[in-house]
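Me: I would like to go through this structure label by label, asking each time what justifies the word used.

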Amino acid sequence: MGLKRTIKVVITGGAGYIGSHVAKVLVRSGHEVIVIDNLSTSQSTNLRYGEFWPLDLAEEDRLYEFLKEREPQVVMHFAAFIVVPESVDHPLKYYYNNVGNTLRLLSAMQKANIKNFVFSSSAAVYGIPEVVPVDEEAPFNPISPYGESKAMVEKILRDMSKAGEIRYVSLRYFNVAGADPEGEIGPAYNQPTHLILRALKTAKGEYPFLEIFGTDYPTPDGTCVRDYIHVMDLAAAHLLAMDYLISGGDSQVFNCGYGRGYSVREVVAVAKVVTGVDFEVKETSRRPGDPPILIAKTDKIRTLLGFRPEFDDLSLIIKHTWEWERRLGKGGKP
Ligand code: UFG
């Protein structure tokens with residue numbers, strides 16, 4: 001696809017879980033990466049690739065000065081709060097950061113005349129989809145302020161794009177998991193809420209048992225089904241999105257998943273095999289806001305961006321996460 005040349009990319013939230021893996025893939029592909037992050041929820045230990053600038057998106061003037069001086073061709077925007085139940089308890093916190101600070105970023109980009117944007121969206125914009133696998137044409141129907149914040153930004157991007165103010169790719173992530181297979185970076189949350197990390201930390205002895213939230217869902221084994229995508233494949237999708245925009249592609253939205261689902265019980269079974277630990281599991285009541293089944297329809301990203309996943313294998317996803325977990329000390333610090 002096109003000429004191979006170095007692209008200058010600014011990554012917001014590049015110290016976070018997904019942003020840091022994307023930074024690695026971009027640098028390894030010969031691109032120039034500048035990470036901006038306020039380190040409010042992330043670890044500086046994941047800052048291994050690219051140049052780092054401590055910058056808060058709330059400081060729009062500084063942001064503008066920075067963008068004007070550095071002139072990136074593309075901005076990839078990862079910085080956001082991501083904990084769904086927290087967003088229900090503290091909606092303003094989520095709207096202020098995920099929507100308000102994105103507006104500041106877009107406004108600073110506009111003043112600095114930077115037009116290519118890659119946005120971290122989420123399957124949460126669909127809420128509980130009527131049809132699964134869900135495709136990109138399904139309506140927005142978020143059921144949490146987190147999902148709503150992502151849908152709001154997508155609407156803003158759509159309008160800006162129609163007006164010719166921006167070209168963007170919005171990537172709707174399904175359940176992102178896994179870690180860098182080379183072991184340099186990985187998820188580093190102290191109190192993770194995500195299933196695979198909870199299961200592995202339980203196997204490690206950091207929690208006494210794993211809870212399965214709900215066994216009475218209308219699914220084959222009664223537990224929720226999710227489409228788990230390896231973070232390195234997701235990172236590769238960002239590279240494709242960037243190439244697409246740089247080659248003149250028009251604004252698009254893509255689901256990012258593999259198009260196949262695993263139940264909570266299936267994930268737990270694989271985690272036990274990979275770790276070799278028969279950790280304790282307790283079946284408890286449903287967690288509020290969990291859609292029974294979330295699986296991506298992936299035809300669009302495969303066709304239009306040529307997405308070809310390399311790690312489409314739940315055991316491998318869990319194995320890479322386990323290897324990373326074992327490298328971490330107690331309490332999650334690398
Ligand atoms: N689960 C458990 N026990 C746990 C943790 C999770 O049973 O200890 C279950 C959940 O109830 C759910 C499934 O495992 O059924 C997956 O839960 P995760 O927390 O790992 O992931 P989610 O599907 O809740 O979250 C994902 C994305 C969010 C997005 C959300 C939209 O990570 O960014 O989907 O529903 F907003």
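The exchange below concerns a predicted model, and it sets computed values against the cut-offs behind the labels.

Me: Why is Leu57 called buried?

Reply: Leu57 has a relative accessible area of 7%, and buried means under 20%, so the label follows for this residue of the loop between S3 and H2.

Me: What does Leu57 touch, leaving aside residues up to four places away in sequence?

Reply: Leu57 touches Thr12, Ile36, Leu63, His77, Ala79, Asn101, Arg104 and Leu105, where a contact requires heavy atoms within 4.5 Å. Asn141, in contrast, is 84 residues from Leu57 in sequence and 27 Å from Leu57 in space, C-alpha to C-alpha.

Me: Why does Glu51 count as partly exposed?

Reply: The relative accessibility of Glu51 is 33%, and the partly exposed class lies between the limit of 20% for buried and that of 50% for exposed, so this residue of strand S3 belongs to that class.

Me: What makes the link between Glu51 and Trp53 a polar contact?

Reply: Their side chains are joined at 2.8 Å, and the cut-off for a pair of N or O atoms is 3.5 Å, so the distance satisfies the criterion. Beyond its neighbours up to four places away in sequence, Glu51 touches Val33, Ile34, Val35 and Arg70; Ile34 is 17 residues away in sequence, yet its C-alpha is 4.7 Å from that of Glu51.

Me: How do you know that S2 and S3 are paired?

Reply: Pairing requires at least two bridges between the strands, and S2 and S3 have 4, in the parallel sense, so the requirement is met. Ile36 has Trp53 in S3 as its bridge partner.

Me: Why are S3 and S11 said to stand at the edges?

Reply: The open sheet has 7 strands in the order S3-S2-S1-S4-S5-S6-S11, with parallel pairing. S3 and strand S11 (252-256) each have a single partner strand, so one side of each is left without a neighbour in the sheet. Neighbouring strands are turned by 20° against each other on average, when direction is ignored.

Me: How do you know that the buried residues of H2 lie on the same side of the helix?

Reply: The buried residues of helix H2 (residues 60-70) are Leu63, Phe66, Leu67 and Arg70. They span an arc of only 95° around the axis, which places them on the same side of H2. The face turned away from that side carries the exposed residues Asp61 and Glu69, and just after the helix Glu71 has a positive phi of about 45°.

Me: What do the buried residues of H2 pack against?

Reply: Their partners are strands S1 (8-12), S2 (32-37), S3 (51-54) and S4 (74-77), together with helix H4 (91-111). As for helix H1 (residues 17-28), it lies across S1, S2, S4 and strand S6 (167-173), and runs at about 170° to S1.

Me: Which side chains have a polar atom close enough to the ligand to fall under the polar-contact cut-off?

Reply: Among them are His194, with a polar side-chain atom 3.1 Å from an oxygen atom of the ligand, Arg226, for which the distance is 2.7 Å, and Asp290, for which it is 2.5 Å; the cut-off is 3.5 Å, so these distances fall within it. Of the 21 residues around the ligand, those that come nearest are Leu195, Glu211, Arg226, Arg287 and Asp290.

Technical notes. Residues numbered from 1 in each chain as written. Predicted model: local features only at pLDDT ≥ 70, side-chain atom pairs only at ≥ 80, totals over all residues. Heavy atoms only, no water. Buried < 20%, exposed > 50% of the residue type's maximum accessible area, 1.4 Å probe, protein only. Helix = DSSP H or I, 4+ residues; strand = E, 2+ residues; numbered from the N terminus. Arc of directions from axis to C-beta. Polar contact = N/O pair within 3.5 Å; in protein donor to acceptor, adjacent residues only side chain to side chain. Axes fitted to C-alpha atoms, helices over the stretch in contact; angles between N-to-C directions. Near = heavy atom within 4 Å.
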